[in-house]
Amino acid sequence: MLTVSGLTTEFRTRKGPVRAIDGIGFEVPTGVAVGVVGETGSGKSVTIRSVLGLLPGYGRVIGGRAEFEGHDLITASRKRLRHVRGNRIGFVAQNPFGALNPVLRIEKQFANVVRAHRRMGRAEVRDLALRRLESVQVPSPERVLRGYAHELSGGMAQRVVIALAMLHDPPLVIADEPTTALDVTVQRQILDLIAAQVAGGDRSLLLVTHDLGVVAQYCARVVVMRSGEVVEQGAVADVFTDPQHPYTRKLLAAVPPAPWSASARVEVTR
Ligand SMILES: Nc1ncnc2c1ncn2[C@@H]1O[C@H](COP(=O)(O)OP(=O)(O)OP(=O)(O)O)[C@@H](O)[C@H]1O
Ligand SMILES: [Mg+2]
């Protein structure tokens, strides 16, 4: 579904170019959820933003490819990237309020995403938006459509962002720490929702997270990053039970011995 190879990205700084990621390579096979883990600053978000063409102006991909549906996203035109984002790849960012427009009614935001890719009348847009909001278990979706982002709780806002990301049934969903801005009580609900949208079928998920327990629960494959490089990748069951790289061992050893992590370990050793 997505094949990233040799991906290298630099930021221009006053002290000259700084390399944020250096020769990253991994695959997201069709129908598979892939987790990306690694400590803060290891390059997880830069990798995602490089693939999606969402780097700030002073960031530049200086090498590598990201093959998706027969095209390289890195050299794709802006027009093609806009088509791919939203239509073929759904993106869920960390902070839902950053992803929603504060001054537009939610309904208008659905209409904008729809109309970027399809011709659709107002009633049709509304029907589609209601269906998507129901599928992510938003209560009173009619009221949500009439309202604004600031009227929503964090968990509800992230549900709306997921509904927007899923609007055109994209075959690939990329989520960058989709729950870290949320209350712990809703974190699992949101991950369950994302997993449910992707599970069973041809859809793939690329899920960036700090949480190895989340990877154990939701992902079949894992990519371990450190200092802008991939140090290890493979099936979760293999990497978590028999980590090859000392850094992966360190990450696994740092998982707190809480009941959920113990059960997560049991899961993957089966
Ligand atoms: N906008 C930016 N300008 C300059 N450097 C940046 C920028 N964004 C990221 N970097 C650098 O790129 C490296 C990777 O950052 P990135 O945000 O990808 O880390 P991350 O793995 O997503 O971390 P976290 O887990 O905290 O989200 C870091 O060393 C960071 O300093
Ligand atoms: Mg990040």
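How do the residues of the lining of the second largest pocket divide into nonpolar, polar and charged? Keep that question in mind while selecting the second largest pocket of this predicted model, where about 420 Å³ of space lies. Of the 18 residues that line this pocket, those closest to its centre are Gly-53, Leu-54, Leu-55, Arg-78 and Leu-81. The lining divides into 8 nonpolar, 5 polar and 5 charged residues. Colour helix 1, strand 4 (59–68) and helix 2 next, since each of them supplies at least two residues of that lining, with helix 2 giving the largest share, 4 residues.

Turn then to the largest pocket, whose volume is about 580 Å³; among the 23 residues lining this pocket, Arg-85, Gly-86, Ala-99, Val-113 and Leu-164 are the closest to its centre. Helix 2 (78–87) appears here as well, and it, strand 6 (89–92), helix 4 (106–117) and helix 7 (154–165) each contribute at least two lining residues. By class, the lining of the largest pocket holds 13 nonpolar, 7 polar and 3 charged residues.

Finally, select ligand 1 and the 14 residues around it, of which Thr-40, Gly-41, Lys-44, Ser-45 and Val-46 come nearest. Helix 1 (residues 44–52) provides the largest share of this shell, 3 residues, and the shell as a whole has 5 nonpolar, 6 polar and 3 charged residues. Zoom in on the backbone: a backbone N or O atom of Gly-41 lies 2.8 Å from an oxygen atom of ligand 1, a polar backbone atom of Ser-42 is 3.2 Å from a ligand oxygen atom, and a backbone N or O atom of Val-46 lies 2.8 Å from an oxygen atom of the ligand. Taken alone, ligand 1 exposes 620 Å², of which the protein buries 65%.

Technical notes:
Residues are numbered from 1 along each chain as its sequence is written. Chains are lettered from A and ligands numbered from 1 in the order in which they are written. This is a predicted model: local features need pLDDT of at least 70, side-chain atom pairs count only at pLDDT 80 or more; totals for chains, interfaces and linings use all residues. Side-chain values use heavy atoms; hydrogens and water are left out. A residue is near a molecule or strand if one of its heavy atoms lies within 4 Å of it. A polar contact is a pair of N or O atoms within 3.5 Å; within protein, one must be able to donate a hydrogen and the other to accept it, and residues adjacent in sequence count only if both atoms are side-chain atoms. Accessible areas come from the Shrake-Rupley method with a 1.4 Å probe; for residues, only the protein chains shown count as cover. Ala, Val, Leu, Ile, Met, Phe, Trp, Tyr, Cys and Pro count as nonpolar, Asp, Glu, Lys and Arg as charged, and the others, Gly among them, as polar. On a 1 Å grid over the protein atoms alone, a cavity is a set of points where a 1.4 Å probe fits but cannot get out, and a pocket is an open set with protein on both sides within 12 Å along at least five of seven lines; lining residues have an atom within 4 Å of a point. Grid points are joined across faces, edges and corners, and a volume is the space filled by probe spheres set on the points.
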